[in-house]
Amino acid sequence: MEIGLIGLGKMGFNMAERLRLGGHKVVGFDFNADAVKNLTASGSLGVQSLDDLVKNLKAPRAVWIMVPSGDPVDQTIAKLEASMQKGDIFIDGGNSNYKDSQRRYAQLTAKGFNFVDVGTSGGVWGLKEGYSMMIGGDKGPVEHLRPIFETLAPAADKGWGHVGPSGAGHFVKMVHNGIEYGLMQAYAEGFSIMKHKESMNLDLTQIAKIWQYGSVVRSWLLDLTADALEKNPQLEGLEAYVADSGEGRWTVFEAIDLNVSAPVITESLIRRLRSREDNNFSDRMLSIMRNEFGGHAVKKST
């Protein structure tokens, strides 16, 4: 099967390679000329423009978009529309807000195009492990794309599925990432507790490896944690700064809108926000209030 791929970052390139190895023709474009050259060198076809990408695909075309959420997705779709034909399929495989996906579906289907939203998990490990894909959209185009999904997934019948109508794929991926936030926070807090028990001189790498087998808390995330600790046991050279892609925020907003209690995911998001603050103002406020009502000592900055 033929597919166009827009966005040849690490994840996009690995997806292209997995598809090529699975026997599919991949035509790829990226604004980074080196990324296009690397794709061609790997055995797929890298092109210099979106028009060239469309011209090198047979109708009905399927174009997978892997660009940052928001305006970049809308701009890419707008540029493609002039070259594509009715019946062609737009696929958004990035971390878009599900409401944007519903809007894009309505706009594109009204013009005779198809739109499929694919929440994609697997990151830089997808080439080796396969990708987990949560798919939203109409049954027809999803079934047409089945060979692509079966190739990208860990197995043809595992790790992917058509979860619902337009927007459902990105909605499920949003919740997936919210859960990921909570899992990461729990691991981080647990290992921090053990790190601070200095009298026992615990080997965190050893403990992570013990937990990898037989333990109820074993997971792929723990496997990655064990590998990271083995490479850098003291986390040297790292700042306590954790970014977020936005999906954790969307999950919390959705929980509030639905009157669903989600304290763990919410707190894990707040902890990420806190990690970016130097000399936290709220903590200084707490310090000065304790001093005012109880005369407690205040630690002055130097």
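These are numbered notes on a predicted model of a protein.

1. Overall make-up. The protein holds 14 helices and eight strands. Its C-alpha trace spans about 75 × 40 × 35 Å along the principal axes. Of the 302 residues, 41% are buried. Take the contacts with a separation of 6 or more: 66% of them come from residues 24 or more positions apart.

2. Surface and charge. The accessible surface comes to about 16,700 Å². Carbon and sulfur atoms account for 55% of that surface. There are 33 positive and 36 negative side chains. The centres of the two sets lie 1 Å apart.

3. Main core. The largest nonpolar core has 27 residues. Trp 64, Met 133 and Phe 149 have the most contacts inside it. Helices and strands both feed this core, each of the following with at least two residues. The strands are E1 (2-6), E4 (62-65), E5 (89-92), E6 (114-121) and E7 (132-136). The helices are H1 (10-21), H2 (33-42) and H8 (146-152).

4. Phe 149 up close. Set aside the neighbours within four places in sequence. Phe 149 is then in contact with Trp 64 and Met 133, the two residues listed beside Phe 149 for most contacts in the core. The other partners of Phe 149 are Val 118, Ile 135, Val 142 and Trp 160.

5. Second core. Another core lies apart from the largest one and has 19 residues. Among them are Phe 29, Leu 57, Ile 77 and Met 84.

6. Helix H2. Which residues of H2 are buried? They are Ala 35, Val 36, Leu 39 and Ser 42. These four cover an arc of only 125 degrees around the axis, so they sit on the same side of H2. Lys 37 and Ala 41 are exposed on the other side. The buried residues of H2 pack against H1, strand E2 (25-29) and strand E3 (45-46).

7. Gly 28. This residue belongs to strand E2. Is Gly 28 buried or exposed? Gly 28 is buried because its relative accessible area is 0%, and the limit for buried is under 20%. Beyond the neighbours within four places in sequence, Gly 28 is in contact with Leu 5, Leu 8, Leu 39, Leu 45, Gly 46, Val 47 and Leu 53. One of these, Leu 39, is also a buried residue of H2. Thr 266 is 238 residues from Gly 28 along the chain, and their C-alpha atoms are separated by 38 Å.

8. Helix H12. This helix covers residues 247-257. Its buried residues are Glu 247, Gly 248, Trp 250, Thr 251, Val 252, Glu 254 and Ala 255. What do they pack against? The partners are helix H5 (98-109), helix H9 (168-196) and helix H13 (263-274). Asn 259 follows H12 and has a positive phi, near 60 degrees.

9. Arg 249. This residue lies in H12. Why is Arg 249 called partly exposed? The relative accessible area of Arg 249 is 33%, which falls between the 20% limit for buried and the 50% limit for exposed. Leaving out neighbours within four places in sequence, Arg 249 is in contact with Asp 244, Leu 269, Leu 273 and Arg 276. Arg 249 and Gly 4 are 245 residues apart in sequence. In space they are 31 Å apart, C-alpha to C-alpha.

Terms used. Residues numbered from 1 in each chain as written. Predicted model: local features only at pLDDT ≥ 70, side-chain atom pairs only at ≥ 80, totals over all residues. Heavy atoms only, no water. Core = buried A, V, L, I, M, F, W, Y, C linked by side-chain atoms within 4.5 Å. Buried < 20%, exposed > 50% of the residue type's maximum accessible area, 1.4 Å probe, protein only. Contact = heavy atoms within 4.5 Å. Areas by Shrake-Rupley, 256 points an atom, 1.4 Å probe, with all protein chains shown as cover. Lys, Arg positive; Asp, Glu negative; His and termini not counted. Charge placed at Lys NZ, Arg CZ, Asp CG, Glu CD. Arc of directions from axis to C-beta.
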